[in-house]
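Here is a short set of exercises to work through with the model open beside you. Try each task before reading its solution.

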Amino acid sequence: MFAVSAVRISPEDPLSGLELGERAEPGADAPLPPGWTTVRVKAASLNHHDLWTLKGVGITDKQLPMVLGCDAAGIDEDGNEVVVHSVIGGLGTDEPRSILTEKYDGTFAEKVAVPRWNLLPKPKELSFEEACCLPTAWLTAYRMLFTNSGVRPGGTILVQGAGGGVATALVVLGKAAGYRMWVTSRDAAKGERAVALGADRAFASGERLPERVDSVMETVGAATWSHSVRSLKAGGSVVISGATSGSNPPAGELTRIFFQEMRVVGSTMGDKDELAGLLALCANSGVRPVIDTVLPLDRAREGFARMAEGDQFGKIVFTV
């Protein structure tokens, strides 16, 4: 089968380790584990996680080659249209929690193998391209907003770094739920696009806000950390799901955090029930993922390059 794989690790030139070509189908070399099945992939979306894998984050040379891709929508062995929940194992199982591409081959292929438990019905209201955007970036945003922020609808939420998949998901989902959504960006054009999506206001990165917010959605990390904490009301929350600019900010802001009783909440992905809720929300409300680019899988290198350059606004999707 045709697949997109990581074959080398290079922090300096991650795309040099990307290989497009033939790989054995799941189950060809060894039987699938009990309870596992295959899905014929129709569409899969790109995440920063895939770029970090090529840089050697969360993976070693011993695990290569590894088919990349966390997210997919496709057709199961019984002919059902399904969405793949990409977290394998975890609570209630003997399997340590991992995400596809960390231990098991991912979704950038004609077929992917996963436990049957990881499959959810694809709502008929969503296309394969739309549905495949949800299990990582959009599920991460859903959990950040509705499980971990502690903010009721009507509150003000700041999203650091407009443009990425999680950031655009936060804007769209937050607006649909009745939050006042503010965003920051180094790129004024991306800020304007976020406003067009539903953000109430856009600010330059680091700009002083007209008032403090109830919660900050933080995916950028070191570059925006101080601004996030200083933008927050006493008792508010910073919800962290990533650190694309680095994980060691120049100042921890610990005095401000404890004196003003702020909450710092880590947030990773989401569980299967939350993904089911997200799918239902999109199907019933008309909310749709923001898609930047759709490319056939054999042009995946173009999609990776676009993400590496920071040019995208929304999700990059590969069709199979």
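**Exercise 1. Two places in one loop**

Task: Decide whether Pro34 is buried or exposed, and find the loop where it lies.

Solution: Please keep in mind throughout that this is a predicted model. Start with the accessibility: Pro34 has a relative value of 81%, so it counts as exposed, the cut-off being over 50%. Next, place the residue: Pro34 sits in the loop between E2 and strand E3 (36-45). Finally, look across the chain to Arg116: it is 82 residues away from Pro34 in sequence, while their C-alpha atoms are separated by 9.6 Å.

Now turn to Ala24, which is placed in the loop between E2 and E3. With a relative accessible area of 41%, Ala24 is partly exposed. Leaving aside neighbours within four places in sequence, its contacts are Met1 and Asp29. Ala24 and Gly74 are 50 residues apart along the chain, and their C-alpha atoms lie 19 Å apart in space.

**Exercise 2. A serine between two strands**

Task: Say which residues Ser10 is in contact with, leaving aside its neighbours within four places in sequence.

Solution: First locate Ser10 in the loop between strand E1 (2-6) and strand E2 (18-22). Then check its accessibility: at 12%, Ser10 counts as buried, because the cut-off is under 20%. With the neighbours within four places set aside, the contacts of Ser10 are Ser16, Leu54 and Lys55.

**Exercise 3. Searching for disulfides**

Task: Work out how many disulfides the structure holds, and why Cys132 is not bonded to Cys133.

Solution: The criterion is a pair of cysteine sulfur atoms within 2.5 Å. Take Cys132: its closest cysteine sulfur belongs to Cys133 and is 4.5 Å away, which is too far for a bond. Cys282 is in no disulfide either, and the nearest cysteine sulfur, again that of Cys133, is 9.8 Å from its own. The count for the structure is therefore zero. As for accessibility, Cys132 is buried at 0%, and Cys282 is buried with a relative accessible area of 0%.

**Exercise 4. How H3 packs on two helices**

Task: Describe how H3 is oriented to H4 and to H8.

Solution: Two packed helices are described by the angle between their axes and the distance between the axes.

1. Begin with helix H3 (residues 134-148) and helix H4 (residues 165-177), whose axes come within 8 Å and cross at roughly 50°. H3 and H4 are therefore oblique to each other. The crossing of H3 past H4 is right-handed.
2. Inspect that contact: H3 contributes residues including Ala137, Ala141 and Leu145, and H4 contributes residues including Val166, Ala169 and Leu173. Sorted by class, the contact of H3 with H4 has 13 nonpolar and three polar residues, with no charged ones.
3. Move on to helix H8 (residues 272-285), which packs with H3 at an angle of about 95°, the axes being 10 Å apart. H3 and H8 are therefore roughly perpendicular to each other.
4. Inspect this second contact: Leu134, Leu139 and Arg143 are among the residues from H3, while Glu274, Leu278 and Cys282 are among those from H8. Sorted by class, the contact of H3 with H8 has 11 nonpolar, two polar and two charged residues.
5. Put the two lists side by side. Trp138, Tyr142 and Phe146 of H3 appear in the contact with H4 and also in the contact with H8.

**Exercise 5. Unusual backbone geometry**

Task: Find where Thr101, Glu253 and Pro65 are placed, and say what the backbone does there.

Solution: Most residues other than glycine have a negative phi, and most peptide bonds are trans.

- Thr101 has a positive phi of about 90° without being a glycine. Its place is in the loop between strand E8 (98-99) and strand E9 (111-115), and at 1% relative accessibility Thr101 counts as buried.
- Glu253, also not a glycine, has a positive phi of about 60°. Glu253 is found in the loop between strand E15 (232-240) and helix H7 (254-259), and counts as buried at 12% relative accessibility.
- Pro65 follows a cis peptide bond from Leu64, with omega near 0°. Pro65 is in the loop between helix H1 (48-54) and strand E4 (66-67).

Note on methods:
Residues numbered from 1 in each chain as written. Predicted model: local features only at pLDDT ≥ 70, side-chain atom pairs only at ≥ 80, totals over all residues. Heavy atoms only, no water. Buried < 20%, exposed > 50% of the residue type's maximum accessible area, 1.4 Å probe, protein only. Axes fitted to C-alpha atoms, helices over the stretch in contact; angles between N-to-C directions. Helix = DSSP H or I, 4+ residues; strand = E, 2+ residues; numbered from the N terminus. Parallel < 35°, antiparallel > 145°, perpendicular 65-115°, else oblique. Left-handed = near helix turned anticlockwise from the far one by under 90°. Contact = heavy atoms within 4.5 Å. Nonpolar A, V, L, I, M, F, W, Y, C, P; charged D, E, K, R; others polar.
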